[in-house]
Amino acid sequence: MTANKIKQLADSALKSHEKKDYEEAEEKFLEALYLLDDKENELYQLIVYGLGLNYLKQSNFEGARRCFEEGRLNARKAENISHELEMHHLLVVVYRQAGDIEAAKLLSEEEILYRKKHAPNDYEGLAVAYFEASKIYRKLGDTEKYEQVFKEALSNAQKVTDF
């Protein structure tokens with residue numbers, strides 16, 4: 001199978017996803033992964049990312065979790081901090097949406113610490129991470145912590161300069 005055929009499958013999967021035909025998109029993503037089967041390949045990682053988002057839209061939290069964990073590990077191996085942080089953030093979202101609020105809280109706290117250490121000037125990423133944390137604390141009923149992290153989200157959002 002040629003790389004072009006795999007790319008066509010991935011593109012077709014994305015189009016199906018955009019049309020909200022998640023089952024068809026899933027089939028195409030999985031077929032593309034089966035044909036590519038090279039975890040070091042950047043296209044493979046993009047397909048895993050797309051499949052994870054597709055699973056998340058279907059509320060298939062276990063499938064999404066597996067995709068984002070794999071993406072996070074491979075990004076770490078490749079020393080791709082921005083992709084690693086994106087995968088980490090999506091894991092927080094998965095756990096929150098799945099109702100595992102304690103796990104989401106721990107992952108969220110870890111994400112914020114990691115972002116502060118490795119991408120301290122990524123104000124947009126920090127704003128998004130703090131905003132997600134605010135959703136978690138609100139769900140936990142911790143009003144004080146909710147307000148604190150929400151203010152951090154706003155503070156970081158105001159520092160974003162590229163719109």
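Start with the surface of the whole protein chain. It exposes about 9700 Å² (Shrake-Rupley method, 1.4 Å probe). Carbon and sulfur atoms supply 49% of that area.

This is a predicted model: local features need pLDDT of at least 70, side-chain atom pairs count only at pLDDT 80 or more, and totals for chains, interfaces and linings use all residues. Residues are numbered from 1 along each chain as its sequence is written, and side-chain values use heavy atoms, leaving out hydrogens and water.

Switch to cartoon view. The protein chain has eight helices and zero strands (DSSP runs; helices are H or I, at least four residues, and strands are E, at least two). The radius of gyration, over C-alpha atoms, is 17 Å, close to the 15 Å from the globule rule (2.2 Å times the number of residues to the power 0.38) for 163 residues, so the chain is as compact as a globular protein of that length.

Colour by burial. Buried residues (under 20% relative accessible area, 1.4 Å probe, protein chains only) make up 43% of the 163.

Now select residues 61-77, helix H4. Its 17 residues should span 24 Å at 1.5 Å a residue (times one less than the number of residues). The end C-alpha atoms are 24 Å apart, which agrees.

Show the side chains of H4. Which residues of H4 are buried? They are Gly63, Ala64, Arg65, Cys67, Phe68, Gly71, Arg72, Asn74 and Ala75.

Add helix H3 (42-57), helix H5 (81-98) and helix H6 (101-118) to the selection. The buried residues of H4 pack against these three helices.

Finish at Glu79, which follows H4. The phi of Glu79 is positive, near 55°.

Methods:
Buried < 20%, exposed > 50% of the residue type's maximum accessible area, 1.4 Å probe, protein only. Contact = heavy atoms within 4.5 Å.
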